[in-house]
Amino acid sequence: MKRKNRILIDLAVILVLILGVTLYCLHRPGYPILYKISDTPLNRMVKYTWNVGTPDKKDIKAVCKFDNNDFILSCSGTGAMMDFDRVNRVDAWNILNNITTGWAVNIDRVYVNEGITSIGTNEFKWFIETKEVYLPSTLISIKEGAMDFGYDTKVYYNSTVEDWNRIDLDEEWQRGNWITQINCTDGIVEIPRKIY
């Protein structure tokens, strides 16, 4: 009888240990595949705001928020967005990564609102999981590496094909060459593929 009780106790201890390790892994930042998006630190953060204008940072405000299971980044204001250094980057992806204690944040939608005239160097670096990007009709330039979005990202420009073709695009405006087309109000602009 003592042996049978001892076996049951050992079995219970093993089950409790297995359950404890499983729960620990499900809630540990090192295991993002097992971690539900609703449990991430960014979801607990209602919204986060920082300034990205140039020459005055306060001219444009970036706001990231979690809304209906989507991470949304919205940039509002007037004028140009600032440039970010490729080496010592403090761009949107790194800012969001740092405030979420190291979580890789996938922004679902990006809104660059009317009034913004330029998207700065490396502005949206590492946004390869973004589903949709909305660009304003007021845009006159897009700088090097500013549009680092993925193959499946849909880009919407709030004006005509003719207006899109007037935008001053840096030769390396979309480093990685992932974007294949721009959806304008009156048609689609096909983006030629580069061979690196």
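## Surface and burial

Let's start with the outside of this protein: about 11,600 Å² is exposed, and carbon and sulfur atoms supply 57% of that area. Keep in mind as you look around that this is a predicted model.

Now for the inside. Of the 196 residues in the protein, 39% are buried.

## Helices, strands and contacts

As you trace the chain, you can look for 4 helices and 15 strands.

How do parts of the chain meet? Take the contacts between residues at least 6 apart in sequence: 50% of these join residues at least 24 apart.

## A stacked pair of tyrosines

Aromatic rings are a nice feature to explore next. Searching the whole structure turns up 7 aromatic pairs. One pair is formed by tyrosine 134 and tyrosine 156, whose ring centres are 5.1 Å apart. Why does this pair count as stacked? The planes of the two rings lie at 15°, and planes under 30 degrees apart count as stacked.

Where along the chain do the two partners sit? Tyrosine 134 belongs to strand E9 (residues 132-135), while tyrosine 156 belongs to strand E12 (residues 154-157). The two tyrosines are 22 residues apart, so their pairing links distant parts of the chain.

## Around the pair

Are these two tyrosines buried, exposed or partly exposed? Tyrosine 134 has a relative accessible area of 26%, so it is partly exposed. Tyrosine 156 is partly exposed as well, with a value of 28%. Both values fall between the cut-offs of under 20% for buried and over 50% for exposed.

The story has one more member: ring pairs link Tyr134 and Tyr156 with Tyr111 into a cluster.

Methods. Residues numbered from 1 in each chain as written. Predicted model: local features only at pLDDT ≥ 70, side-chain atom pairs only at ≥ 80, totals over all residues. Heavy atoms only, no water. Buried < 20%, exposed > 50% of the residue type's maximum accessible area, 1.4 Å probe, protein only. Contact = heavy atoms within 4.5 Å. Areas by Shrake-Rupley, 256 points an atom, 1.4 Å probe, with all protein chains shown as cover. Phe/Tyr/Trp six-rings, centres within 6.5 Å; stacked < 30°, edge-to-face > 60°.
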